[in-house]
Amino acid sequence: MRFKIYDALSGGNELWSETWDNNTSLVTTTKGLFSVMLGTFSSFENFNFNRLPLYLEVQFDPDCDGTFEEVFSPRKILGAVPAA
């Protein structure tokens, strides 16, 4: 899976990304649900969360071939406070 943060609901600029794969750590799904800790492999140390709006895009590579054929849509807006 790959996670990206953009500055627009569609199109826009990619501001950050992180890939979870055989080289980092696989994402476990159970009945379509998954949980990851973003920032585990690509640091948020210099990321400006004060730049709003921010949108999270999730991409899925079912064949594990690096092409990420499936993109979850629409992107999820990131709020001012963390939420589960």
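This briefing goes through some unusual backbone spots in the structure above. The model is predicted, so read the angles below as computed values. Most peptide bonds are trans, and most residues other than glycine have a negative phi. Against that background, here are two cis bonds before prolines and two residues with positive phi.

**Cis peptide bonds**

- Look at the step from leucine 52 to proline 53: the peptide bond there is cis, and its omega is near -5°.
- Proline 53 sits in a loop, with strand 4 (33–34) on one side and strand 5 (55–60) on the other.
- Serine 73 and proline 74 are also joined by a cis peptide bond, this one with omega at about 0°.
- You'll find proline 74 in the loop that links strand 6 (70–71) to strand 7 (76–77).

**Positive phi in the loop between strand 5 and strand 6**

- Cysteine 64 isn't a glycine, yet its phi is positive, at about 55°.
- This cysteine 64 belongs to the loop between strand 5 and strand 6.
- Phenylalanine 68 is placed in the loop between strand 5 and strand 6 too.
- Phenylalanine 68 likewise has a positive phi without being a glycine, with a value near 50°.

**Buried or exposed?**

- Cysteine 64 has a relative accessible area of 57%, so it counts as exposed, the cut-off being over 50%.
- Phenylalanine 68 comes in at 11% relative accessibility, so it counts as buried, since buried means under 20%.

Notes:
Residues are numbered from 1 along each chain as its sequence is written. This is a predicted model: local features need pLDDT of at least 70, side-chain atom pairs count only at pLDDT 80 or more; totals for chains, interfaces and linings use all residues. Side-chain values use heavy atoms; hydrogens and water are left out. Helices (H or I, at least four residues) and strands (E, at least two) are DSSP runs, numbered from the N terminus. Buried means under 20% relative accessible area, exposed over 50%, partly exposed in between (1.4 Å probe, protein chains only).
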